[in-house]
Amino acid sequence: MKAAVAPAQFIATSDGELVENPRFFVTGQRKLKSLQRRLKQKAKGANRWLKQQQKVARYHEKLSRSRKDFQFKLAHQLCDRAQSIYAEDLNLQGLAKGMLGKHCLDAAWGQFLSILQFVAFKRGVYFQKVDAKGTSQTCPACGVITGKKELSERVNHCPECGYTTNRDVAAAQVVMLCGCAAVGHTVKQLAEGSTTGRP
């Protein structure tokens with residue numbers, strides 16, 4: 001049996017940037033459990049129970065606001081450096097039901113994509129979702145199908161052309177190529193060190 005590996009990166013961009021996953025809920029889970037334990041120890045409906053319930057609700061709100069603040073700042077950073085943004089159209093419901101469901105819900109990629117689309121619209125940056133099928137199984141340099149990879153495999157190596165890079169970065173480069181092709185842009189083959197654009 002293979003252990004599930006939580007996503008270390010929140011996003012990867014086509015020019016090689018990896019943004020670390022802040023894991024707001026996972027980090028604050030211990031304090032949240034402590035607050036909920038104290039809530040259970042109090043008589044339901046009593047004044048102390050109501051006050052403790054408010055503390056739990058406020059902490060949930062703090063985590064939510066911290067996550068949303070991080071996502072808005074990141075969306076603005078991406079829009080500062082790009083004229084067009086392409087993102088994988090992920091099956092978020094499927095991810096939430098998998099082994100890494102808690103971590104996927106904590107990352108809130110669905111919320112982030114909505115925020116990114118909103119910020120891109122406000123900033124005049126073109127935004128489009130790209131079909132995620134096969135993006136992690138295709139070499140961005142030569143287009144060869146490299147095959148399925150285990151979640152623990154974090155490096156993409158093409159046996160055909162030898163192009164090697166981070167697995168998520170390679171997928172982001174494929175997403176960028178697909179997005180550019182979909183809107184009719186002329187895109188040169190990606191070569192190591194010469195990638196441009198954002199996923």
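Which residues gather in a patch of positive charge on the surface? In this predicted model, the patch consists of Lys 31, Lys 33, Arg 37, Arg 38, Lys 40, Arg 48, Lys 51, Lys 55, Arg 58, Lys 62 and Lys 102. Helix H1 (24–40) and helix H2 (47–80) each supply at least two of these residues. Arg 58 is one of the patch residues and lies in helix H2. Arg 58 counts as partly exposed because its relative accessibility is 48%.

Opposite charges also meet in this structure, which holds six salt bridges. One of them joins the side chains of Arg 81 and Glu 17, at 2.7 Å from N to O. This pair links distant parts of the chain, 64 residues apart. Arg 81 sits in the loop between H2 and strand E3 (84–89), and Glu 17 in the loop between E1 and E2. Both partners are partly exposed, with relative accessibilities of 43% for Arg 81 and 28% for Glu 17.

Other salt bridges lie within helix H2. Arg 65 pairs with Glu 61, with the closest N and O atoms 2.7 Å apart. The two are four residues apart, about one turn of the helix. Arg 65 is exposed at 57%, whereas Glu 61 is partly exposed at 37%. Lys 73 forms a salt bridge with Asp 69, at 3.2 Å between the closest N and O atoms. This pair is also four residues apart in H2. Asp 69 is partly exposed, at 38% relative accessibility.

Strands E1 (residues 9–12) and E2 (residues 18–20) run antiparallel and are joined by three bridges. Ile 11 has Val 19 in E2 as its bridge partner. Five residues lie between the strands of this hairpin, where Gly 16 takes a positive phi near 95°.

Notes: Residues numbered from 1 in each chain as written. Predicted model: local features only at pLDDT ≥ 70, side-chain atom pairs only at ≥ 80, totals over all residues. Heavy atoms only, no water. Pairing = 2+ DSSP bridges. Patch = residues over 30% accessible without salt bridge, like charges linked within 9 Å, V, L, I, M, F, W, Y side chains within 5 Å. Areas by Shrake-Rupley, 256 points an atom, 1.4 Å probe, with all protein chains shown as cover. Salt bridge = Lys/Arg side-chain N within 4 Å of Asp/Glu carboxyl O. Lys, Arg positive; Asp, Glu negative; His and termini not counted. Charge placed at Lys NZ, Arg CZ, Asp CG, Glu CD. Buried < 20%, exposed > 50% of the residue type's maximum accessible area, 1.4 Å probe, protein only.
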